[in-house]
Amino acid sequence: MPQMAPISWLTLFFVFSITLMIFNIKNYYCFFYQSSNSSQNINIKQFKMNWKW
């Protein structure tokens, strides 16, 4: 809408930017990595595929 004043565009930009930053920070800190023990890493099986073209 070109009738909107520039201050409204600036306010909208800040609102959406802050919302995006809060959403990203929330998602970053709500994800927990599972710690892997060395005993679990020993049981990994390697599967090798031989491609024949």
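**Exercise 1.** In which helix is leucine 10 found, and is leucine 10 buried, partly exposed or exposed?

*Solution.* The model is predicted, so local features need pLDDT of at least 70 and side-chain atom pairs count only at pLDDT 80 or more, while totals for chains, interfaces and linings use all residues. Residues are numbered from 1 along each chain as its sequence is written, and side-chain values use heavy atoms, with hydrogens and water left out.

Begin with the helix: leucine 10 lies in H1, which covers residues 6-30; helices are DSSP runs (H or I, at least four residues), numbered from the N terminus. Then take the relative accessible area of leucine 10, which is 41%, and set it against the classes: buried is under 20%, exposed is over 50%, and partly exposed is in between (1.4 Å probe, protein chains only). Leucine 10 is therefore partly exposed.

**Exercise 2.** How many aromatic pairs does the rule count?

*Solution.* Rings of Phe, Tyr and Trp (its six-membered ring) pair if their centres lie within 6.5 Å, and planes under 30 degrees apart count as stacked, over 60 as edge-to-face and the rest as tilted. The count by this rule is two aromatic pairs. In phenylalanine 13 and phenylalanine 14, the ring centres are 5.8 Å apart and the planes stand at 55°, so this pair is tilted. Tyrosine 28 and tyrosine 29 form an edge-to-face pair, with 4.9 Å from centre to centre and 85° between the planes.

As a last step, consider accessibility: phenylalanine 13 is exposed at 52%, whereas phenylalanine 14 is partly exposed at 44%. Tyrosine 28 is exposed at 60%, and tyrosine 29 is exposed at 59%.

Notes
Helix = DSSP H or I, 4+ residues; strand = E, 2+ residues; numbered from the N terminus.
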